[in-house]
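Work through the exercises below with the structure in view. Try each task before you read its solution.

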Protein chains: 2
Amino acid sequence: MVLLENRILKDGKVYPGSILKVDSFLNHQMDVELLNEIGKEFKRIYSDCEVNKILTIEASGIGIACITAQFFNCPVLFAKKTKTKNIAGTVYKTQVKSYTHGTTYDVIVSKEFLGKNDKVLIIDDFLAEGNALLGLIDLCNQAGAEVVGCGIAVEKGFQPGSKRIREKGVRVESLAVIDSMDDGEIKFK
Amino acid sequence: MVLLENRILKDGKVYPGSILKVDSFLNHQMDVELLNEIGKEFKRIYSDCEVNKILTIEASGIGIACITAQFFNCPVLFAKKTKTKNIAGTVYKTQVKSYTHGTTYDVIVSKEFLGKNDKVLIIDDFLAEGNALLGLIDLCNQAGAEVVGCGIAVEKGFQPGSKRIREKGVRVESLAVIDSMDDGEIKFK
């Protein structure tokens, strides 16, 4: 998606350790107009898949997921990173290792909101190691829900995430795939 | 807002300790069509305030904030609950006590994205004790940004949050204000 690639080139910042910051427009401050174009593109890609639920994980996936859901006329469900007392009753639970924070945390969704009749599009802002997505796919599997595919805004193509997801038989569509960030210069696939 | 009140009566669940669960449509699973009506209503209320930034706090405020931002044609900034290594550089920081979790946590926004030229509408899903909102107002004050007001989906009117915010001289507009939840029966103001 040229619009997103150009925005990354214009406003993305590369830091040592293959860290790409896009927090001026994607995952801290959010350009909602850009999110709208992203959502439209996901709809184009997955238009024939009868998606009836969008699943994401807190926090930075929620904005993209909600804007995208407007094009699919379906609800958004976001997985939560710990069990709070506001989530009573039974939940599906999985564990996710955070590449960013170097920790492992529980991720849950309420059993009430994910089930056999759901055709789920998983949405997230970033794909690197793929741990968050694998966790979300696991939650869908536990619920017996069908995963139609994953829609990712920015993929670090030099990390193994998308390969790991595809090995599970799950479709991955990333709107901007970064091939390399050597010497601070971003190159796309 | 009658639409929201009716939805709370239909799908909200009351638990002991004045806990209201609206997680089937507002803050776990999200009905994006309802969020759209909520956003439209915030725009109606704050239409003449020249809002140029919407501020919220992760995670459950983000969806409402993003949908609302579409009506204001402005970006969303969401405050984060801990300092991650993806946020380099300087941040504004405040502390918020969580009524839900019984803990105190740091809340940050990058200094880059909040400043003197911002006319900020603060959006959140819930208002009870008001601690999160007071924290967001503090961040705006630190940044020299003007707080136009707060837009809240559901307020527990029997808790002191809105009074505490108004004592700071900040406008609060809640779309559904719960007067009481005695014996599981929800009454609105």
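**Exercise 1.** Which residue is the bridge partner of B:L55 in β5(B)?

*Solution.* Step 1: find the partner. In β5(B), B:L55 is bridged to B:L77. Strands here are DSSP runs of E with at least two residues, helices are runs of H or I with at least four, and both are numbered from the N terminus. Two strands pair if DSSP finds at least two bridges between them.

Step 2: place the strands. Strand β4 (residues 53-57) of chain B pairs with β5(B) in the parallel sense, over four bridges. The chain goes from β4(B) through helix α3 (residues 61-72) of chain B to β5(B), and this β-α-β crossover is right-handed. Right-handed means that, with the strands pointing away from the viewer, the path from the first strand over the helix to the second runs clockwise.

Step 3: note the origin. This is a predicted model, where local features need pLDDT of at least 70, side-chain atom pairs count only at pLDDT 80 or more, and totals for chains, interfaces and linings use all residues. Residues are numbered from 1 along each chain as its sequence is written, chains are lettered from A and ligands numbered from 1 in the order in which they are written, and side-chain values use heavy atoms, with hydrogens and water left out.

**Exercise 2.** Find what β5(B) meets on its other edge, then examine its faces.

*Solution.* Step 1: cross to chain A. Strand β3 (residues 29-30) of chain A pairs with β5(B) in the antiparallel sense, over two bridges. The bridge partner of A:M30 in β5(B) is B:V76. B:I54 also stands opposite B:V76.

Step 2: check the faces. B:V76 and B:F78 are buried on one side of β5(B), and B:L77 and B:A79 are buried on the other. Buried means under 20% relative accessible area, exposed over 50%, partly exposed in between (1.4 Å probe, protein chains only).

**Exercise 3.** Write out the strand order of the open sheet that holds β5(B), and name its edges.

*Solution.* Step 1: the seven strands run β3(A)-β5(B)-β4(B)-β8(B)-β9(B)-β10(B)-β11(B), with mixed pairing. Step 2: the edges are β3 of chain A and β11 (187-188) of chain B, each pairing on one side only.

Step 3: add the helix. Helix α4 (residues 131-143) of chain B lies across β4, β5, β8 (119-127) and β9 (146-156) of chain B. The helix runs at about 165° to β8(B). Such angles run from 0 to 180 degrees between N-to-C directions, with axes fitted to C-alpha atoms, for helices over the stretch in contact.

**Exercise 4.** What rotation superposes chain B on chain A?

*Solution.* Step 1: the rotation is 180°, with 0.0 Å of shift along its axis and an RMSD of 0.0 Å. That is the relation of a two-fold axis. Copies are superposed by least squares on the C-alpha atoms of residues with pLDDT of at least 70 in both.

Step 2: compare the surfaces. Of the contact residues of chain B, 100% recur in chain A. Contact means heavy atoms within 4.5 Å.

**Exercise 5.** Look for unusual backbone geometry in chain A.

*Solution.* Step 1: the peptide bond from A:E58 to A:A59 is cis, with omega near 0°. A:A59 sits in the loop between β4 and α3 of chain A.

Step 2: A:N73 is not a glycine, yet its phi is positive, near 50°. A:N73 lies in the loop between α3 and β5 of chain A. A:N73 counts as exposed because its relative accessibility is 68%.
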